[in-house]
Amino acid sequence: EKFEDLQDSLKLELKLLMRMPTVQSVPLFSFIDSSMCTIDIIERLKPQLMIPGEIIFFENEVSDGLYILIEGNVEVRRTCEETNKEKLIITLSPPCVFGEISLLLKQSRNSTVAALTHAEALKLDKADFEDVMKRYPKFFIAMKNMTNIKADLGWKRIRTMLKVARTARLW
């Protein structure tokens, strides 16, 4: 039998069985204490397969969703204002979420993300994201917490790089 031909309740049960361990391993979901919210999100996730070099989204484009990386690696790159060239910011490995900041802040994408290897992600579309945010205020709080943690880690990385640069100048 094909998945599409199954009863809705069985489809949901299979989705939960297959995706729950992966989704629960993502740090974002450790902030959510509502199993109904997690189940609602899992129902809405759409699988995305990517090949090496495939652009998942471009810097400055309008956000259409967030991604949960479950297999493979992706690169996050940002254009340097001084040189107008892309620089590698970080390589992400599973389990992780990316693309959520532009959704949360209602801004365009702040970076380009491309598959480094064959990769698989689960996508939560913008409309579904906004609906979940309205239905589950705790999800909004979890998203803000995760964004704050990412921002703090980013600043720590910048401070470390500045220290290294200052030390290099002393020699």
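This section describes backbone exceptions and the surroundings of one buried aspartate in a predicted model.

Most residues other than glycine have a negative phi, and most peptide bonds are trans. Three sites in the model are described against this background. The peptide bond that joins P94 and P95 is cis, with an omega of about -10°. P95 belongs to the loop between β5 (86–92) and β6 (96–98).

Positive phi values occur at N60 and K106. For N60, a residue other than glycine, phi is near 75°. N60 is situated in the loop that runs between β2 (55–57) and β3 (65–71). Its relative accessible area is 58%, and N60 is therefore classed as exposed, the cut-off being over 50%. K106, likewise not a glycine, has a phi of about 55°. This residue is placed in the loop between α4 (100–105) and β7 (112–115). With a relative accessibility of 71%, K106 also counts as exposed.

D40, by contrast, is located within helix α3, which spans residues 35–44. Its relative accessibility is 8%; because this value is under 20%, D40 counts as buried. The side chain of D40 takes part in polar contacts with two other side chains, that of R135 at 3.0 Å and that of Y136 at 3.4 Å. When residues up to four places away in sequence are not counted, D40 touches V132, R135 and Y136. The buried side of this description thus rests on a helical residue, whereas N60 and K106 are exposed residues in loops.

Key:
Residues are numbered from 1 along each chain as its sequence is written. This is a predicted model: local features need pLDDT of at least 70, side-chain atom pairs count only at pLDDT 80 or more; totals for chains, interfaces and linings use all residues. Side-chain values use heavy atoms; hydrogens and water are left out. Helices (H or I, at least four residues) and strands (E, at least two) are DSSP runs, numbered from the N terminus. Buried means under 20% relative accessible area, exposed over 50%, partly exposed in between (1.4 Å probe, protein chains only). A polar contact is a pair of N or O atoms within 3.5 Å; within protein, one must be able to donate a hydrogen and the other to accept it, and residues adjacent in sequence count only if both atoms are side-chain atoms. Contact means heavy atoms within 4.5 Å.
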